[in-house]
Amino acid sequence: MTGYDPQRLHEALLRVRRTISEACERAGRAPGEVRLVAVSKTHPVEAIAILYELGVRDFGESYVQELVDKVGRLPNDIRWHFIGGLQSNKARFLGNEISLLHSVDRTSLIEALQRRSEQPMDILLQVNVAAEATKGGTSPDQLVALYDCARSQSKLTVRGLMTMAPYCDDPESSRGHFRVLRALLDELRTHAGEGVASALSELSMGMSDDFAVAIEEGATLVRVGTALFGDRQSD
Ligand SMILES: *Cc1c(COP(=O)(O)O)cnc(C)c1O
């Protein structure tokens, strides 16, 4: 059986959930503080449906058209997360479909979301902590300005921050980047002030190779694809 054997997906889910609870234990955190987002980009609805049957409700997608196709074919209590780079002209497709947009990284996108989205949206600001040319995300020194721009939009609520650590074989190499993101969230909460700070609670960090480290450093959302579904054919 190739690919999406239910038994294999079940075992993968159990492994990931066990890794999450062990990391929580090491960090003295309650497992309920960490949400697993199953990154289903490029994988078919049949595979998503298997994890859905096993209780997973949060799924992450990176391409607008693929997301829209899948939403219509799967149960409507799924919480969809958009985690990919987003062109401003696609902004209007997302408002109705997703529960959280992880990848807001520039003021032009914030303005497009405000202008084009039909619904209020919860968003995360993506930070390019390692300043990698190939990745999206604002630089840390522009973060406060980006936040102020988002905060002034009636349709948007900033829930926290997201980052991708540089790819590396050693998960420990991600730890410093995750620490920086956490420190940036603390600074932003101070900047936001009483009352608003409590809404800024999410840290979306950690992927298949480094989500245990991310949880030790405070992740509230981990985005896990390959460790659940296996390798992607294309990306
Ligand atoms: C694809 C993707 C993931 C999942 O990566 P895996 O290594 O397969 O777990 C997580 N976050 C983002 C932003 C992605 O694009």
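**Exercise 1.** Is V158 buried or exposed? Determine also the secondary-structure element that holds V158.

*Solution.* The coordinates belong to a predicted model.
Step 1. Locate the residue: V158 belongs to strand β6, which covers residues 156-162.
Step 2. Take the relative accessibility of V158, which is 9%.
Step 3. Apply the cut-off: buried means under 20% relative accessible area. V158 therefore counts as buried, with its 9% relative accessibility.

**Exercise 2.** What distance separates the C-alpha atoms of V158 and V56?

*Solution.*
Step 1. Along the chain, V158 and V56 are 102 residues apart.
Step 2. In space, their C-alpha atoms are separated by 24 Å.

**Exercise 3.** Characterise T42 and A131 by backbone angle, location and accessibility.

*Solution.*
Step 1. Consider phi. T42 has a phi near 75 degrees, a positive value in a residue other than glycine. For A131, phi is near 50 degrees, again a positive value in a residue other than glycine.
Step 2. Assign the locations. T42 is in the loop that links β1 (35-39) with α2 (45-53). A131 is in the loop between β5 (121-126) and α5 (143-151).
Step 3. Classify the accessibility, where exposed means over 50% and partly exposed lies between the buried and exposed limits. T42 has 27% relative accessibility, so T42 counts as partly exposed. A131 has 65% relative accessibility and therefore counts as exposed.

**Exercise 4.** Which residues come nearest to the ligand, and how is the shell around the ligand composed by class?

*Solution.*
Step 1. The ligand has 13 residues around it, of which K41, S208, G225, T226 and R232 come nearest.
Step 2. Sorted by class, this shell contains six nonpolar, four polar and three charged residues.

**Exercise 5.** Describe the polar contacts made to the ligand by the side chains of K41, R223 and R232, then state how far the protein covers the ligand.

*Solution.*
Step 1. Begin with contacts to ligand oxygen. A polar side-chain atom of K41 is 2.6 Å from an oxygen atom of the ligand. For R232, an N or O atom of the side chain lies 2.8 Å from a ligand oxygen atom.
Step 2. Turn to ligand nitrogen: a polar side-chain atom of R223 lies 2.8 Å from a nitrogen atom of the ligand.
Step 3. Consider the coverage. The ligand taken alone exposes 390 Å², and the protein buries 90% of that area.
Step 4. Identify the site: the ligand takes up the space of the largest pocket.

How values were computed
Residues numbered from 1 in each chain as written. Predicted model: local features only at pLDDT ≥ 70, side-chain atom pairs only at ≥ 80, totals over all residues. Heavy atoms only, no water. Near = heavy atom within 4 Å. Polar contact = N/O pair within 3.5 Å; in protein donor to acceptor, adjacent residues only side chain to side chain. Areas by Shrake-Rupley, 256 points an atom, 1.4 Å probe, with all protein chains shown as cover. 1 Å grid on protein atoms, 1.4 Å probe; cavity = no way out; pocket = protein on both sides within 12 Å on 5 of 7 lines; lining within 4 Å. Sits in = over half its atoms within 2 Å of the grid points. Nonpolar A, V, L, I, M, F, W, Y, C, P; charged D, E, K, R; others polar. Helix = DSSP H or I, 4+ residues; strand = E, 2+ residues; numbered from the N terminus. Buried < 20%, exposed > 50% of the residue type's maximum accessible area, 1.4 Å probe, protein only.
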